Amino acid sequence: MVRSVVRAARTLARDFGEVEQLQWSVKGPGDFVSAADRRAEQILVEDLRKARPDFSILTEESGLREGRFPEHRFIVDPLDGTSNYLHAMPHWAVSVALEQHGEITAACVYDPIRNELFAADKGNGAYLNDQRIRVSRTKDLDRALIGCGLPVRDWKGRKTFPPQYEKVADKVAGLRRMGVASLDLAYVACGRLDAYWEYGIKPWDYAAGLLLVREAGGKAGRMEGDDKIWDEGTIIGTNAALGDAFTETLGAA
Ligand code: LIP
């Protein structure tokens, strides 16, 4: 998983140089970025298939490819933070998780711009490059820096977000909307953010991040219940100390 994620991210990083140039072109970088995204997905699928030919693969771009052992599946986002990438913002990542018998057992999120590889293995902790990471110890909401998502246009979260925002914004030290769910959760895992929530994101955006937070000692899941973890809902990742207070604040929205 690590090898495939790093290989895909390196090609995206090379293409990113071109995207920066295309910002001034009349046509913009749209088509170029779609092609780069597809190329990255191809690399990931090829590598993961080679390593585990019988596992299923769910990707953002192509949906589910069923393997012989569908109870083992990779959940892949070749380019998380597509809008950032498209606008030459140097904050995006490649994310892969492995789900086995309904549990996420391995996770890998790589930010090639900062050369930061977040990885976790169920039961063995979470790591940033080779250093063990842990969630923050912030226990008071009024000292907490919180990541979130922001709905735009006709996005479903338009109705869900405003009341949640009202409740949270009133109580916390700061809010950030960085546009890369996998990295938001990775940042909770290493203590840069104290908590994160977002409504309506997709499995490939958060599968790896959930395990990173859990293995770093935090809490991560779907507010409406983990039994339907891949259904539409509000995804929350928090440090252990804030956990319930933060979820209650959102839930009370
Ligand atoms: C994006 C997420 C981001 C969210 C966007 C989108 P993509 O993923 O990571 O945090 O707010 O709606 O889903 O589409 O760039 O892979």
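This passage looks at strand β11, helix α7 and the residue Ser-182 in a predicted model.

Strand β11 is a good place to start, as it is mostly covered, with five of its five residues buried. Both of its faces are covered: Ala-195, Trp-197 and Tyr-199 are buried on one side, and Tyr-196 and Glu-198 are buried on the other. As for its partners, β11 runs parallel to β9, joined by three bridges. With β13, β11 pairs in the antiparallel sense, this time over five bridges. Trp-197 turns up in both pairings: the residue is the bridge partner of Cys-148, and Trp-197 also stands opposite Ile-236 in β13.

Next comes helix α7, which spans residues 243-251 and has Gly-243, Phe-246, Thr-249 and Leu-250 buried. Looking down the axis of α7, these buried residues fall within an arc of 145°, so they line one face of the helix. The spacing fits a general rule: an α-helix has 3.6 residues a turn, so residues three or four places apart point the same way. The cover over the buried residues of α7 includes the strands β9 (145-148), β11 (195-199), β12 (219-222) and β13 (234-238), along with helix α4 (157-169).

Finally, there is Ser-182, which sits in helix α5, residues 181-189. Its relative accessibility is 0%, so Ser-182 counts as buried, the cut-off being under 20%. Once neighbours within four places in sequence are left aside, Ser-182 is in contact with Asp-80, Ala-93, Ser-95, Val-109 and Asp-205.

How values were computed: Residues numbered from 1 in each chain as written. Predicted model: local features only at pLDDT ≥ 70, side-chain atom pairs only at ≥ 80, totals over all residues. Heavy atoms only, no water. Buried < 20%, exposed > 50% of the residue type's maximum accessible area, 1.4 Å probe, protein only. Helix = DSSP H or I, 4+ residues; strand = E, 2+ residues; numbered from the N terminus. Arc of directions from axis to C-beta. Contact = heavy atoms within 4.5 Å. Pairing = 2+ DSSP bridges.
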